[in-house]
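Open the structure in your viewer and keep the selection tool at hand. This tour goes stop by stop, saying what to select and what is there.

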Amino acid sequence: MLRLNRVWKTYRVGAFGTRELTAVRDVSLDVAPGEVVSLIGESGSGKTTIGRMVLRLNSVSQGRIEFDGTDVSTLRGRALKSYYRKVQGIFQDPYSSFNPIFKADRVFDMVRRQFFAGTPNATWHGKIEAALADVRLDPAQVLNKYPHQLSGGQLQRMLIARALLLDIKLLIADEIISMLDASTRIDVMNLLADLTSRGVGVLFVTHDLALGNYLSTTTVILRRGVIVEMGATDKVFANPQHPYSTHLLGSVPHLHKKWSQVEAELARHDARLGPCGYHAHMPGRCGMPPHDPDQPMLAEIEPGHVVGCSYDQPLG
Ligand SMILES: Nc1ncnc2c1ncn2[C@@H]1O[C@H](COP(=O)(O)OP(=O)(O)OP(=O)(O)O)[C@@H](O)[C@H]1O
Ligand SMILES: [Mg+2]
């Protein structure tokens, strides 16, 4: 359904846009219907950038993003509208998705105007009620209110309800759980599980390893814009190969380790320069970097489980 094929993103940064920052490098991944793929990585590793490129909020610098075989960068007009009917995103900070001067349910009106212009009022209200019920929101509590009158969790769930009004096939969920309190978290997690059982694919961005482990079928670990390890979640968690993943996932008490701690440990690992999983599994190509730029820097270490090189990741 969704396929990222060797996708790169370079931003122009600096006061005059003279410097380039490569936020995503050579990322390839798939999301199949009904699958949850979690993107895990420290702050700045390119997770949101990937989500934004899928949603066409950022352009792709190199490579292709395909949805059902079509390059999404080519979509225009009707085709683009139909894409947004199927692919929706919800981001970290729900407040940024609402305009404080309008009532929060305006986000539903916008969907109606764009996609359901001919739908009679009664049918439309029924749809909204059903979508709100799906996210365990009481219409009386959330309709006709301004964003500041609602909690972050309520707003987040309204955004999920908005996505449910459309017949989505793919949801980009960027840290949507972190703002929620414990009981709402469980509701939203159940809701995501429910969506996947209806065949919706989810690209689930998270800092929270335990959540990623719990929810996802596939885990993608990103570091500095590069996939360092990817595979079926149970394989990656049970048998992490990249030193970064090993440090992250190596033992349960590490699950809540601070990213800075992981980076520090990794720096110590780099200093020792033991053989990395990638080179160990690429006979004949273990002369150390630089790599052949035409070859993705990922080696398959067991079926459906790939690992990246741990040396060749310059910053910037
Ligand atoms: N619009 C932009 N212009 C320039 N640089 C950007 C832009 N958006 C992101 N970046 C940079 O790209 C890199 C990746 O950012 P991104 O937001 O994708 O990371 P992230 O993994 O989502 O981080 P976080 O966990 O903090 O949300 C960062 O170095 C960031 O500063
Ligand atoms: Mg982000």
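A polar contact is a pair of N or O atoms within 3.5 Å. Keep that cut-off in mind for the ligand stop. The model you are viewing is predicted.

**Stop 1: the ligand**

Select ligand 1. It is surrounded by 14 residues. The closest are S43, G44, K47, T48 and T49. Now show the side chain of T49. One of its N or O atoms lies 2.5 Å from an oxygen atom of ligand 1. Next, pick H207. Its side chain places an N or O atom 3.2 Å from an oxygen atom of the ligand. For S45, turn on the backbone instead. There, a backbone N or O atom is 3.1 Å from a ligand oxygen atom.

**Stop 2: helix 3 against helix 4**

Select residues 106-115, which form helix 3. Add helix 4, residues 121-134. How far apart are the axes of helix 3 and helix 4? They are 12 Å apart, and the packing angle is about 130°. Helix 3 and helix 4 are therefore oblique to each other. Their crossing is right-handed. Show F108, V111 and R112 on helix 3, then N121, W124, I128 and L132 on helix 4: these residues make the contact. By class, the contact has five nonpolar residues, one polar and one charged.

**Stop 3: helix 4 against helix 6**

Keep helix 4 and add helix 6, residues 152-165. Here the axes lie 8 Å apart, at an angle of about 130°. That makes helix 4 oblique to helix 6. This crossing is right-handed. On helix 4, show W124, K127, I128, A131, L132 and D134. They meet A161, L164 and L165 of helix 6. The residues of this contact divide into seven nonpolar, no polar and two charged.

**Stop 4: helix 6 against helix 7**

Hide helix 4, keep helix 6 and select helix 7, residues 182-197. Are these two helices roughly parallel or roughly antiparallel? Their axes cross at roughly 15° and come within 12 Å. That makes helix 6 roughly parallel to helix 7. The crossing of helix 6 and helix 7 is left-handed. Show R157, I160 and L164 on helix 6. Facing them on helix 7 in this contact are T184, D187, V188, L191 and L195. Five residues of the contact are nonpolar, one is polar and two are charged.

How values were computed: Residues are numbered from 1 along each chain as its sequence is written. Chains are lettered from A and ligands numbered from 1 in the order in which they are written. This is a predicted model: local features need pLDDT of at least 70, side-chain atom pairs count only at pLDDT 80 or more; totals for chains, interfaces and linings use all residues. Side-chain values use heavy atoms; hydrogens and water are left out. Axes are lines fitted to C-alpha atoms, for helices over the stretch in contact, and angles run from 0 to 180 degrees between N-to-C directions. Helices (H or I, at least four residues) and strands (E, at least two) are DSSP runs, numbered from the N terminus. Angles under 35 degrees count as roughly parallel, over 145 as roughly antiparallel, 65 to 115 as roughly perpendicular and the rest as oblique. A crossing is left-handed if the near helix is turned anticlockwise from the far one by less than a right angle, and right-handed if clockwise. Contact means heavy atoms within 4.5 Å. Ala, Val, Leu, Ile, Met, Phe, Trp, Tyr, Cys and Pro count as nonpolar, Asp, Glu, Lys and Arg as charged, and the others, Gly among them, as polar. A residue is near a molecule or strand if one of its heavy atoms lies within 4 Å of it. A polar contact is a pair of N or O atoms within 3.5 Å; within protein, one must be able to donate a hydrogen and the other to accept it, and residues adjacent in sequence count only if both atoms are side-chain atoms.
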